[in-house]
Each structure stands twice: as C-alpha cells, then as structure tokens.
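Hi everyone, thanks for coming along. I'd like to walk you through one model today, so let me put it on the screen.

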Amino acid sequence: MSFLSCEEMLAAARSQNISLAEAILRSDLAESRLTEEASRHAMHHLWHVMEATSREYDPAQRSRSGLSGGDAAKVEQAHQAGRSYGGDYLAEVTAEALKTAECNACMKRIVAAPTAGSCGVLPAVLLPLARAGEADEEAICEALYVAAGFGQVIAARATLAGAEGGCQAEVGAASAMAAAALCHLKGGTPEQCAAAAAMALGNLLGLVCDPVAGLVEVPCIKRNVVGSVNAVSCANMALAGVDYAIPCDEVIDAMGRVGSLLSPDLRETGQGGLAATPTGVRIAERLAEET
C-alpha cells in the first residue's frame, strides 16, 4: 500500500465513492501488482490461520520458560462460572487475546498483526463476532483490509517495532488497527474508523516495551488483552459519534516522537520497567541458570 497518511486513505475513498476497504485494496493492488483474486486469497488465508491458532490452543501447554500457558482457559472457566464482568463478548475477547499470545510464547503458528508481540489483538476482537454469526468471512476480510491500511500508515509515519518505539508501537498499533476494523464492521464511516484508530493509539501513547528476561511473555501477553479491550471501547465511542480532538495522522506522528524519546532501557532491551524489578531480575537469573 502506498498511502502515507490516514487522510490520504480517507480522501481516496471519498473521491472514488468507494468504501475504505476498497480504497485500501486498490492501493495494495497498484503497489503489489497482485491480482485482486490473489490479494483476497492471501487475506482469507491469514484469517484462516487466526482461526486455526485459536482452535488449536492447548490449555495444558506451557512455554519453555514456564511463564506462559493456560490463562485463556482460566478466563473461560471463570466466565462460565459467573465470575466475570462485561458479558459474553468481553470474556471471549479476553480469552482469545490470551490464546493467541500464549500460542506465540509456545512457538506455535500465529499471524503477526502487526507484530508477533501484538498478535492477539486483532483475532481477539474478530473471532467472537465470526463465531456468533455477526460477521461472515467476507466481512471479516474487508475489516482486515481496513486494519492493514491503518497499520501501513503507522509503519510509514512512525514504527511498528518495540525495539524502536516501545510497546505503544506494537500493542498500540494493533489496538488502533483493531478499533478501525471493528468500526468498519458496524458500518462506520471512514472518518469514524480514523477516529477509532486515533483514540486507541492515543490511549496507549507512551507504553514501554519491558519484557522480563527478554521474552515476549511478561508483560506482553496481558497487554494484548489491554489492546483488545481498548479497541472495543474506542470503536464503540467512534460509532456513537464521539470524535477525537487530534487527527489520526498527528497521533501517529506523536507516537513516533514519543518512541524516539524513550530510554533504550524501555525499548525491548529487557533492562527497564518491569524487567528491572527485583522479581523480574530474579526470573531472568533463574532462566539464565537453566539454559
């Protein structure tokens, strides 16, 4: 995709009188030189992988470090027992975010959306809708094009790498992508999709990347849940007509600047934040001794 701004994406949809998903697809085809059939086939494949990751989740499996695994099942069991807030959808979103992120920690196949560290966010908000029959596969894939469009602009204007911009660039970007996708699924306008993305990214501005022992497990997995729930709330606000004072492109630019100002200790080095706590240090030392 060749869009360098969200406003350029929105303008393309307006000027051609097409949906935002169609504008993003046309841009992708022009740049990649794929046929539309090949592009759509690839998007459907990514969705099928997201579905398979969730379906093949094994609650008994643990990561090699022993830090991850089984939490998604705990959330599902607690909800079934009536010990959770927010209804069925929120419980499913929480469990699905954990499932995919745990699968990543257990070295199973996931879709980096946009990164492996933030892989749980997009499937978490979409899988429950597909299972409930609220969105068919074609609608889901259209929403994934919208998510991809916003992700591409974030990559072009700022970064998607935790090592460069902190976790705001990973989970923050994924949350923005998911918020825009959800907004599109409910019939939101391109402007509402941009507002949802701006709110989601703005809410996570400054989020650091501080993996304990340098592993994409603590606190990364739980942050996928935060990114997912944030996406839902921001999509809801945008669909209700709530605007954001700062345009999406300016939020993205701010994220990039904030990322450049973060200490290197807070950019995926495992040297600051939670990784530098006494417990975080002890975990790292224990795992180093075991290898």
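**Starting from helix H10**

Let's begin with helix H10, residues 190-203: at 1.5 Å a residue its 14 residues should span 20 Å, and its end C-alpha atoms are indeed 20 Å apart, so the two agree. The expected span here is 1.5 Å times one less than the number of residues in the helix. Helices are DSSP runs of H or I with at least four residues, numbered from the N terminus.

A quick word on ground rules. This is a predicted model, so local features need pLDDT of at least 70 and side-chain atom pairs count only at pLDDT 80 or more, while totals for chains, interfaces and linings use all residues. Residues are numbered from 1 along each chain as its sequence is written, and side-chain values use heavy atoms, with hydrogens and water left out.

Back to H10. Of its 14 residues, 10 are buried, so the helix is largely enclosed by the rest of the structure. By buried I mean under 20% relative accessible area; exposed is over 50%, and partly exposed is in between, with a 1.4 Å probe and protein chains only. The buried set includes Cys193, the run from Ala194 through Ala195, Ala196 and Ala197 to Ala198, and also Met199.

Which helices do the buried residues of H10 pack against? They are H1 (6-16), H2 (20-32), H7 (137-157), H9 (171-185), H11 (220-239) and H12 (248-261). Contact, for this talk, means heavy atoms within 4.5 Å.

One of those partners, H9, deserves a look of its own. With 14 of its 15 residues buried, H9 is largely enclosed by the rest of the structure. Its length works out too: 15 residues at 1.5 Å each should span 21 Å, and the end C-alpha atoms are 21 Å apart, which agrees. After H9 comes glycine 187, with a positive phi near 85°.

**Cysteines**

How many disulfides does a search of the whole structure find? Zero. A disulfide here is a pair of cysteine sulfur atoms within 2.5 Å. Take cysteine 193: the closest cysteine sulfur, in cysteine 183, is 4.3 Å from its own, too far for a bond. Cysteine 193 is buried, at a relative accessible area of 0%. For cysteine 209, the closest cysteine sulfur belongs to cysteine 167, at 5.8 Å, which is again too far for a bond. Cysteine 209 counts as buried, with 9% relative accessibility.

**A serine in H11**

Over in helix H11 we find serine 228. Is serine 228 buried or exposed? It is buried, with a relative accessible area of 0%. Setting aside neighbours within four places in sequence, serine 228 is in contact with Val93, Ala97, Gly120, Val121, Ala124 and Val125.

**The largest pocket**

Now for the largest pocket, which holds about 290 Å³ of space. The elements giving two or more residues to its lining are helix H3 (36-55) and H7, and H7 supplies the largest share, five residues. A pocket is found on a 1 Å grid over the protein atoms alone, as an open set of points where a 1.4 Å probe fits, with protein on both sides within 12 Å along at least five of seven lines; lining residues have an atom within 4 Å of a point. The volume is the space filled by probe spheres set on the points, which are joined across faces, edges and corners.

The lining has 16 residues, and those nearest the centre are Leu46, Ala112, Ala113, Ala148 and Met177. By type, 14 are nonpolar, two are polar and none is charged. Nonpolar means Ala, Val, Leu, Ile, Met, Phe, Trp, Tyr, Cys and Pro, charged means Asp, Glu, Lys and Arg, and the others, Gly among them, count as polar.

As for H3, its 20 residues reach 28 Å from first C-alpha to last, close to the 28 Å expected at 1.5 Å a residue. Its buried residues include His44 and Trp47, and the cover over the buried residues includes H2, H5, H6 and H7.

**Backbone details in the loops**

The peptide bond from alanine 113 to proline 114 is cis, with omega near 5°. Proline 114 sits in the loop between H5 (87-105) and H6 (121-131). There is a cis bond from valine 218 to proline 219 as well, with omega near 5°, and proline 219 is in the loop between H10 and H11.

Finally, arginine 33, in the loop between H2 and H3, has a positive phi near 65° and counts as exposed at 76% relative accessibility.
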